[in-house]
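Biologist: Could you walk me through this model before I go back to the bench? I'd like to start with the overall picture and then ask about particular spots.

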Amino acid sequence: MIQAEKGRDGTLTPVRFGFDGQSDAVKRLRERLEAALTDFGLHMLTGEPGSGRTRAARYLWMSSGREKRLVSVFDRQSFDEALREEATSCLLIDEIGLAEPAFQAALLEMLQARKASERPAVICTSSWTSARLVQDRRLSEGLGSLLAPHNLPIPPARDRQADLKTLCALWERQFETGTSLHDDCASWLMKQEWPGNFRQIRQLLHCAVERAQGGRLTAAHLSESHRVDTTADAASFQGLLARYLPSMLDLETDIQGTLYARVLAEVERPLFRLVLKATEGNQIRAAALLGINRNTLRKRLQLLGIEVGRSRS
């Protein structure tokens with residue numbers, strides 16, 4: 001059951017969720033997605049943020065033919081509520097390594113106690129493999145062992161540069177402003193680094209299209225939108241957040257409930273690393289500087305996977 005979208009010419013085409021192209025990386029990804037559909041029930045999608053993990057999850061759910069809902073769960077309460085809801089056919093757990101131990105224990109219990117045909121399908125995402133999460137004590141060994149055989153890696157944008165021309169044509173059909181892309185756009189995109197992967201690229205195109213207000217978008221327009229502004233607002237923390245946050249908002253996936261946790265993690269990681277560096281790894285001083293309890297800091301560092309050297313505290 002593949003969803004279709006209507007282009008500007010009125011024709012319906014299948015939604016491939018950005019897995020278009022002919023690069024070796026995307027070919028392997030499509031093969032793995034199709035193979036996963038033969039045993040749809042438990043999956044671990046790993047890859048960098050913005051690479052398309054949530055899109056892959058939605059693709060698997062829609063292609064499985066299940067008519068009930070895909071529900072995003074992020075803690076024990078939302079997990080229990082989703083299980084009680086008869087309309088739930090698939091659970092999505094974003095960044096499983098950030099899940100609380102009680103939530104992980106409940107998930108493991110359900111997976112071990114129920115047959116696949118008697119429970120919702122479960123799709124977990126993570127920036128790291130289950131083995132790494134277990135090693136870093138962010139995932140229980142039992143849950144890690146269950147997820148390991150079902151790992152499906154999602155390639156980053158740098159491994160799919162050959163697909164950018166195809167993707168630009170796909171994204172162009174989704175513009176509602178009548179804006180078209182010049183051929184030099186794909187060439188320019190291939191030469192840049194994209195730490196935010198496809199989410200960052202799509203956000204750049206969105207901003208450039210808004211600025212262009214119709215007409216033809218060129219590489220020069222993209223370069224101008226990509227340039228870091230030097231205005232006071234953009235240089236402020238609030239301005240930087242305003243520029244970055246839209247890239248984390250992807251309404252096309254229709255999956256709710258994970259944005260707050262992802263944004264919080266993105267802000268906490270650099271903040272905690274900066275404070276720990278300033279205090280030379282002293283967690284008591286770092287916690288005091290942050291204004292939080294030391295145990296809270298230690299717990300957040302563990303959940304976020306931040307390694308701390310030998311503390312003087």
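Modeller: What follows is a talk through this predicted model, from the whole protein down to single residues.

Biologist: How many helices and strands does the protein have?

Modeller: The protein has 15 helices and 9 strands, and of its 313 residues 43% count as buried. Its accessible surface comes to about 16900 Å², with 51% of that belonging to carbon and sulfur atoms.

Biologist: And what share of the contacts join residues at least 24 apart?

Modeller: Among contacts between residues at least 6 apart in sequence, 66% join residues at least 24 apart.

Biologist: Let's take the strands. Which strands does E3 pair with?

Modeller: Strand E3, residues 42-46, is joined to strand E6, residues 121-126, by 5 bridges, and the two run parallel. E3 also pairs in the parallel sense with strand E7, residues 151-153, over 3 bridges. Leu45 shows both pairings, since its bridge partner in E6 is Thr125, while in E7 Leu45 stands opposite Leu152.

Biologist: Are the residues of E3 buried or exposed?

Modeller: E3 is mostly covered, with 5 of its 5 residues buried. Leu42, Met44 and Thr46 point one way from the strand, His43 and Leu45 point the other way, and all of them are buried.

Biologist: What do E4, H3 and E5 make together?

Modeller: They make a right-handed β-α-β unit, with helix H3 covering residues 76-84. The strands of that unit, E4 (residues 69-72) and E5 (residues 88-93), pair in the parallel sense over 4 bridges, and one of the pairs puts Val71 with Leu91 as its bridge partner in E5.

Biologist: I was wondering about Phe79. Where is it, and what does it touch?

Modeller: Phe79 sits in helix H3, and it counts as buried because its relative accessibility is 1%, below the 20% cut-off. Leaving aside residues up to four places away in sequence, Phe79 touches Val73, Leu91, Phe103, Ala106, Leu107 and Met110. The Leu91 in that list is the residue that is the bridge partner of Val71.

Biologist: How far is the C-alpha atom of Phe79 from that of Ile93?

Modeller: Those C-alpha atoms are separated by 9.3 Å, for residues that are 14 apart along the chain.

Biologist: Change of topic, cysteines. How many disulfides are there?

Modeller: The count comes to 0 disulfides, taking a pair of cysteine sulfur atoms within 2.5 Å as the requirement. Cys90, for instance, is in no disulfide, and the nearest cysteine sulfur, that of Cys124, is 9.7 Å away.

Biologist: Why is there no bond between Cys185 and Cys168?

Modeller: The sulfur of Cys185 has its closest cysteine sulfur in Cys168, and at 6.5 Å that is too far for a bond.

Biologist: Are Cys90 and Cys185 buried or exposed?

Modeller: Cys90 is buried, with a relative accessible area of 0%, and Cys185 also counts as buried, at 1% relative accessibility.

Biologist: Now the helices. Does the span of H13 agree or disagree with what you'd expect?

Modeller: It agrees: helix H13, residues 259-278, has 20 residues that should span 28 Å at 1.5 Å a residue, and its end C-alpha atoms are 29 Å apart. Helix H9, with 16 residues, reaches 23 Å from its first C-alpha to its last, close to the 22 Å expected.

Biologist: What do the buried residues of H13 pack against?

Modeller: They pack against helix H9 (197-212), helix H14 (283-290) and helix H15 (294-304). The buried residues of H13 include Arg262, Glu268 and Arg269, alongside Phe272, Val275 and Leu276.

Biologist: And what covers the buried residues of H9?

Modeller: The cover includes helices H7, H8 and H10 and strands E8 and E9, and among the buried residues of H9 are Asn197, Phe198, Ile201 and Leu205.

Biologist: Last thing: which residues have a positive phi?

Modeller: Among them is Gln213, which follows H9 with phi near 55°. Glu280 has a positive phi of about 55° although it is not a glycine, and it lies in the loop between H13 and H14. Glu95 has phi near 50° and is placed in the loop between E5 and helix H4 (101-113), where at 8% relative accessibility Glu95 counts as buried.

Terms used:
Residues numbered from 1 in each chain as written. Predicted model: local features only at pLDDT ≥ 70, side-chain atom pairs only at ≥ 80, totals over all residues. Heavy atoms only, no water. Pairing = 2+ DSSP bridges. Right-handed = clockwise from strand over helix to strand, strands pointing away. Expected span 1.5 Å × (residues − 1). Buried < 20%, exposed > 50% of the residue type's maximum accessible area, 1.4 Å probe, protein only. Contact = heavy atoms within 4.5 Å. Areas by Shrake-Rupley, 256 points an atom, 1.4 Å probe, with all protein chains shown as cover.
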